[in-house]
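User: Could you take a close look at the aromatic rings in this one? I'd like to know how they pair up and what sits around them.

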Amino acid sequence: MSRPEKSTNAPSLLSNRFLQTILFSNVLLQIGIWVRNFAILLYVADRTNNDPYAISLISVAEFAPIFVFSFIGGTFADRWRPKRTMIWCDLLSAVSVFAVLLTIHFGSWHSVYLVAFISAILSQFSQPSGMRLFKFHVPEEQLQQGMALFQSLMAIFMVLGPMLGTFVYSTFGLETSIAIMGVVFLLSALVLIRLPEDNMESQTIAVKGQFRKDFVEGFRYVWQSQVLRMLGLAFILAGLAVGVAQALNLFIVTERLGKSEEFLQYLLMVNGVAMLIGGGIVAAFAKRVPPQLLLAIGMLAGAVCTVIVGYSTSIPVTLTVQFLNGLVFPCIHIGISTMILKWSDSSIVGRVNGVLNPMFVGMMVVSMSFAGALKDAYSLSTIYSGAGLLFLIGALTMVPIMNQKAPVTAPTVQES
């Protein structure tokens, strides 16, 4: 379905009914997700006496569905009506949360992993549906600003989320924390009813092999676009760099700065506040900067800051660099999201997202897995220099496509 024709004077972004609704829904979902994450983390840590294997299973439950269901969810999201898909995903998430809550109440504490696992599966159907609606309801010239608003929202919860999750769990306990998650998912489903009708017809897979054809088409579409190919390479490099840096942040605090583990929260807080400010700055100037340049700036700044953090033994220097890194980091997220939307036809946005998103998450998990071995073999300075080099190469991948303009109408899916 083609997008509505743009008017010469597009209305204010915040007056867009779709954006108002989707932002409110995301506020509710972020509350539920952060309360869930910290409730499960703190509960499992208490229950198992900080068993690293049990704690690592939480990450497996959260990230494993992305590998398995991202491609599938993106394919179905392109076939189903996106508004209806998002509402049903939130409703099913709420139902699953309350079902798991019953099993926890009656003694099966291991069920806490299912809360994260089921929610992560359903998000792989809901998130690409939201991307489709975003492309359909937000004027082309406001896409980048809209993504900046989402980045600002994420940054707010990076600062407030850990405090909120810790407070709810320590005050009310596990079962109330899980129940809160179920309630906010229900509220989100109710809020999404306010979304404007998308007028996109749902499709049934009536022909044998049609799903496989659509599934493969997503990979073909990305491969045939030079911009999306380069974006995929940037995803891989950024995932590798972010994963190893995140996994070893604690050692930066204890070994390079000589502080206790609790000091890590201040690094994260400084980074989160900077991301909030950076998201606002990018939102103000987004129209004037091509998304390729935005992504390149973010990765280049990430390269420099990562190397400095790896070498620094000064607390003021490290905190300053963390702030600068957080200030520029929204450029990466906003640039990537805008490029996916601008260079993908509305009929295939879900599949493009389903192809590219696992590249980042997958490489991040891979580098996290090898971080311990790298730490045993190399110094932190060397490892962080390597991560900075990956960011630099990622920035250079934007050079061949820097001058490319997004098509007025993104290329349609080729029939095979």
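Analyst: Let's start inside. Trp34 and Phe38 are both buried. Keep in mind that this is a predicted model. The two residues lie 4 apart in helix H1 (residues 17–48), which means about one helical turn separates them. Their rings make a stacked aromatic pair, with 6.0 Å from centre to centre and 25° between the planes.

Now for a pair with another geometry. Phe235 and Phe360 have ring centres 6.2 Å apart and planes at 70°, so this pair counts as edge-to-face. Here the partners come from distant parts of the chain: Phe235 belongs to helix H8 (residues 226–247) and Phe360 to helix H14 (residues 349–377), 125 residues apart. Both Phe235 and Phe360 are buried. These two pairs are among the 6 aromatic pairs in the structure.

Some rings also have a charge for company. Arg229 places its charged end over the ring of Trp223, 5.3 Å from the ring's centre. Over the face of Phe251 you'll find Lys375, at 5.0 Å from the ring centre.

And then there are aromatics out on the surface. Trp88 and Phe98 are part of a nonpolar patch that also includes Leu91, Leu92, Val183 and Leu186, and the whole patch has about 790 Å² of accessible area. Helix H3 (82–105) and helix H6 (174–192) each give two or more residues to this patch. Val183, one of the residues in helix H6, is partly exposed, at 41% relative accessible area.

Technical notes:
Residues numbered from 1 in each chain as written. Predicted model: local features only at pLDDT ≥ 70, side-chain atom pairs only at ≥ 80, totals over all residues. Heavy atoms only, no water. Patch = residues over 30% accessible without salt bridge, like charges linked within 9 Å, V, L, I, M, F, W, Y side chains within 5 Å. Areas by Shrake-Rupley, 256 points an atom, 1.4 Å probe, with all protein chains shown as cover. Salt bridge = Lys/Arg side-chain N within 4 Å of Asp/Glu carboxyl O. Buried < 20%, exposed > 50% of the residue type's maximum accessible area, 1.4 Å probe, protein only. Phe/Tyr/Trp six-rings, centres within 6.5 Å; stacked < 30°, edge-to-face > 60°. Lys NZ or Arg CZ within 6 Å of the ring centre and 35° of its normal.
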